[in-house]
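Student: I should like to take a close look at a single part of this model, the place where charged side chains meet. May I ask you to explain it step by step, beginning with the chain as a whole?

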Amino acid sequence: MKPGNQVKGMTLIELIIVVTIIIVLALIIIAYFRNQLFKGNDARRKGDINRIKIAIEEYEKDHDCYPPPQLLTCDPGNGLTPYISKVPCDPKTRASYYYDYENSACPSWFRVYADLEATADTSQASCGPNSAFNFYVSSANAPACNLADSSFYGCRNNICVPILWDTTRNGPECDPSYQSSSCYGQCGTPVTECKDWH
């Protein structure tokens, strides 16, 4: 190297600018892929509850009533066999989709709710218990979505007891759950015992 020729490096300011640009680009990429993940989960949720709806309608054709909620729990998920091979769980929370139905031993209408993550989805509208859901499918004769009812019950040791709303899974704290203090007379067998999601 000849005298007087100096190799110039980056100044501290230039280095900070380059690092800042890299961080901003990384954040934009992460936000984009996060939104794509939300959209993918939402597409699965919509597909899941539409498959559940078809199975419920087929069940009704054979039984003249819509099914009780214990048949729609995703663990173990075989309650609607042969109408659907396995009742699917929410892809993120792994909880059962919330099933609402007429307060009757032989329900004549139903709704199945999901909570979509992609906030730009135009199909969203707050609905269901505690307004906790933003997407649902229902039987054609289901009444307008109820925003007020937030009392839930479940079978514990063969007794119908009040259960809480779990904000981490956006649903009752265990499945199956009922919106009647009698649990529609379903308590008394292991399959109707409320299973915790914690």
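Which pattern of helices and strands does the chain follow when it is read along the sequence? And which residues are linked in a network of salt bridges?

Tutor: Please keep in mind that this is a predicted model. Read along the sequence, the chain follows the pattern α-β-β-β-β-β-β-β-β-β. In other words, there are 1 helix and 9 strands. The chain has 198 residues, and 39% of them count as buried. Among contacts with a separation of 6 or more, 54% are between residues 24 or more positions apart.

Let us now turn to the part you asked about. A search of the whole structure finds 9 salt bridges. In general, side chains of opposite charge can pair when their charged atoms come close. The residues Asp42, Arg45, Asp90, Lys92 and Glu117 are linked in a network of such bridges. We can follow this network from one pair to the next.

We begin within the helix. Asp42 forms a salt bridge with Arg45, and the closest N and O atoms are 2.9 Å apart. Both residues lie in helix H1, where 3 residues, about one turn of the helix, separate them. Asp42 and Arg45 are both buried.

Arg45 also has a second partner. Asp90 forms a salt bridge with Arg45, with the closest N and O atoms 2.6 Å apart. This pair links distant parts of the chain: Asp90 is in the loop between H1 and E1, Arg45 is in helix H1, and the two are 45 residues apart. Asp90 and Arg45 are both buried.

The next residue to consider is Glu117, whose place is in the loop between E2 and E3. Is Glu117 buried or exposed? Its relative accessibility is 15%, so Glu117 counts as buried. The side chain of Glu117 makes a polar contact with the side chain of Arg45 at 3.1 Å, and another with the side chain of Asn41 at 3.0 Å. Apart from neighbours within four places in sequence, Glu117 is in contact with Phe38, Asn41, Asp42, Arg45 and Lys92.

The last of these, Lys92, completes the network. The side chains of Glu117 and Lys92 meet in a salt bridge, 3.1 Å from N to O. This pair, too, links distant parts of the chain: Glu117 is in the loop between E2 and E3, Lys92 is in the loop between H1 and E1, and their positions lie 25 residues apart in sequence. The two partners differ in exposure: Glu117 is buried, with a relative accessible area of 15%, whereas Lys92 counts as exposed at 54%.

For the surroundings, we may look at the nonpolar residues. The largest nonpolar core has 27 residues, of which Ile56, Leu80, Tyr99 and Val112 touch the most other members. The elements that give two or more residues to this core are H1, E1, strand E2 (110-114), strand E3 (135-138) and strand E4 (152-156). Helix H1 provides the largest share, 5 residues. Leaving aside neighbours within four places in sequence, Ile56 is in contact with Tyr66, Pro67, Leu72, Leu80, Tyr99, Phe110 and Val112. Apart from this core lies another, of 11 residues, among them Ala132, Phe133, Cys145 and Phe152.

Asp100 offers a further case of an acidic residue under cover. Asp100 lies in strand E1, residues 98-101, and is buried, with a relative accessible area of 6%. Its side chain makes a polar contact with the side chain of Tyr113 at 3.5 Å. Not counting residues up to four places away in sequence, Asp100 touches Trp109, Phe110, Arg111, Tyr113 and Gln179.

Finally, consider the surface. The chain exposes about 11400 Å², and carbon and sulfur atoms supply 59% of that area. One nonpolar patch on the surface includes Met10, Leu12, Ile23 and Ile30, and its members together have about 960 Å² of accessible area. Ile23 has its place in helix H1, residues 12-63. With a relative accessible area of 47%, Ile23 is partly exposed. Helix H1 thus holds Ile23 of this patch as well as Asp42 and Arg45 of the network.

Definitions and conventions:
Residues are numbered from 1 along each chain as its sequence is written. This is a predicted model: local features need pLDDT of at least 70, side-chain atom pairs count only at pLDDT 80 or more; totals for chains, interfaces and linings use all residues. Side-chain values use heavy atoms; hydrogens and water are left out. Patches are made of residues with over 30% relative accessible area and no salt bridge: like charges are joined within 9 Å, nonpolar side chains (Val, Leu, Ile, Met, Phe, Trp, Tyr) within 5 Å. Accessible areas come from the Shrake-Rupley method with a 1.4 Å probe; for residues, only the protein chains shown count as cover. A salt bridge is a side-chain nitrogen of Lys or Arg within 4 Å of a carboxyl oxygen of Asp or Glu. Helices (H or I, at least four residues) and strands (E, at least two) are DSSP runs, numbered from the N terminus. Buried means under 20% relative accessible area, exposed over 50%, partly exposed in between (1.4 Å probe, protein chains only). A polar contact is a pair of N or O atoms within 3.5 Å; within protein, one must be able to donate a hydrogen and the other to accept it, and residues adjacent in sequence count only if both atoms are side-chain atoms. Contact means heavy atoms within 4.5 Å. A nonpolar core is a set of buried Ala, Val, Leu, Ile, Met, Phe, Trp, Tyr and Cys residues joined through side-chain atoms within 4.5 Å.
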